[in-house]
Amino acid sequence: MKKKITLIGAGQIGGTLAHLIAIKGLANVVLFDVAEGIAKGKALDIAQSSPIEGFNVNLRGTNNYEDTKNSDVIIITAGVPRKPGMSRDDLLGINLKIIKEVALGIKKTSPDAFVICITNPLDVIVMALQKYSGLPKNKVVGMAGILDSSRLIYFLSEKLNIEASKIKSFVLGGHGDTMVAMLNHTKVDGEPIKNLVKSGKILEEDLNKLVDRTKKGGAEIVKYLEKGSAFYAPASAGVEMAESFIKDLKKELPCAAYLNGEYGVKDIYAGVPVIIGKNGVEKVVEIKLSSDEKDQFNKSIKAVQDLFEAAKKIDNNLK
Ligand code: A3D
């Protein structure tokens with residue numbers, strides 16, 4: 001039987017998620033949105049492309065949680081995106097309220113689902129989602145690291161004029177300006193990037209610029225779009241996580257996961273490499289960090305902790 005993926009939020013990312021899932025034939029899709037017409041319209045529009053694309057999945061739009069019942073996967077994008085000049089953290093108050101409503105909705109109807117959160121500010125919202133819903137911590141995870149890593153890999157591939165598939169790299173920590181690019185673990189065609197710096201194939205200064213551009217990758221797109229934020233690459237990243245769960249691929253992916261002592265951190269969500277398989281987050285992979293990476297990672301964790309303190313001030317129930 002086909003699996004069921006519910007998308008809570010049928011906006012820019014939600015619609016793109018539905019399109020990608022349908023084209024891949026990954027699962028039947030329920031698009032849920034408080035704006036019922038948007039959910040219904042997008043579901044119908046994508047369904048009408050099935051004779052052309054040749055996919056065979058059901059798509060429906062709704063504003064009723066009953067229709068999302070017993071979902072295998074839920075991907076949440078409900079909330080407000082950034083406008084030019086806004087930071088992700090500026091979205092906290094409004095998106096916290098929305099996530100509470102969503103958490104209560106999915107808890108009642110799909111308590112066994114694997115839940116992927118994309119709503120910003122990511123690390124704090126996914127942590128609040130887990131607390132509000134009470135769903136198991138290995139079944140509630142945030143999407144950010146795959147996107148940030150993909151941005152860095154793309155920028156490197158453009159700069160070095162080499163296929164992105166030949167580059168391995170990833171980004172850890174919180175999904176914000178403090179994210180940590182793992183340059184010691186970055187390889188181009190199997191060769192450490194540091195060797196390419198030594199041999200002059202890329203200047204250290206240029207490499208640092210690419211890392212900085214990655215950190216500001218979301219804002220760059222917000223500025224271009226003027227209305228709304230990135231949605232194609234975020235949707236691709238969300239689908240990769242859902243697919244690893246549904247097909248039990250056990251891929252190692254950088255995601256915002258619950259840390260219980262790993263990386264020396266307790267009781268917080270942050271971006272680390274995890275294995276995603278049929279049991280959700282099956283393992284947090286602990287890689288060795290250099291002392292500089294460790295310092296940067298701790299700074300990033302501190303930023304997430306501070307923002308979670310701000311969230312607790314907004315809603316006492318988060319304590
Ligand atoms: P947008 O196109 O505005 O879609 C959001 C949708 O959520 C709208 O259709 C709303 O009607 C809907 N919505 C609002 N409240 C509710 C509710 N209570 N229940 C159900 N639906 C609701 O935004 P988008 O799709 O571009 O972005 C969605 C979120 O993803 C934003 O918070 C962005 O900041 C965030 N985002 C995160 C990343 C990460 O890498 C983590 C990247 C890009 C965007």
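A disulfide is counted here as a pair of cysteine sulfur atoms within 2.5 Å, and the exercises below apply that cut-off, among others, to a predicted model.

**Exercise 1.** Determine how many disulfides a search of the whole structure finds, and examine Cys-117 and Cys-255 in that light.

*Solution.* Begin with the sulfur of Cys-117, for which the closest cysteine sulfur belongs to Cys-255 and lies 12 Å away, too far for a bond. Then take the sulfur of Cys-255, whose closest cysteine sulfur is in turn that of Cys-117, again at 12 Å and too far for a bond. The search of the whole structure accordingly returns 0 disulfides.

**Exercise 2.** Decide whether Cys-117 and Cys-255 are buried or exposed.

*Solution.* The cut-off for buried is under 20% relative accessible area. Cys-117 has 0% relative accessibility and therefore counts as buried; Cys-255, also with 0%, counts as buried as well. For the chain as a whole, 54% of the 319 residues count as buried.

**Exercise 3.** Assess how compact the chain is, given its helices and strands.

*Solution.* The chain contains 11 helices and 14 strands. Its radius of gyration is 19 Å, close to the 20 Å that the globule rule gives for 319 residues, so the chain is as compact as a globular protein of that length. The C-alpha trace spans about 60 × 50 × 40 Å along its principal axes.

**Exercise 4.** Describe the charged side chains of the chain and where the centres of the two sets lie.

*Solution.* Counting gives 45 positive and 38 negative side chains, and the centres of these two sets are 3 Å apart.

Key:
Residues are numbered from 1 along each chain as its sequence is written. This is a predicted model: local features need pLDDT of at least 70, side-chain atom pairs count only at pLDDT 80 or more; totals for chains, interfaces and linings use all residues. Side-chain values use heavy atoms; hydrogens and water are left out. Helices (H or I, at least four residues) and strands (E, at least two) are DSSP runs, numbered from the N terminus. The radius of gyration is taken over C-alpha atoms; the globule rule is 2.2 Å times the number of residues to the power 0.38. Buried means under 20% relative accessible area, exposed over 50%, partly exposed in between (1.4 Å probe, protein chains only). Lys and Arg count as positive and Asp and Glu as negative; His and the chain ends are not counted. The place of a charge is taken as NZ of Lys, CZ of Arg, CG of Asp or CD of Glu.
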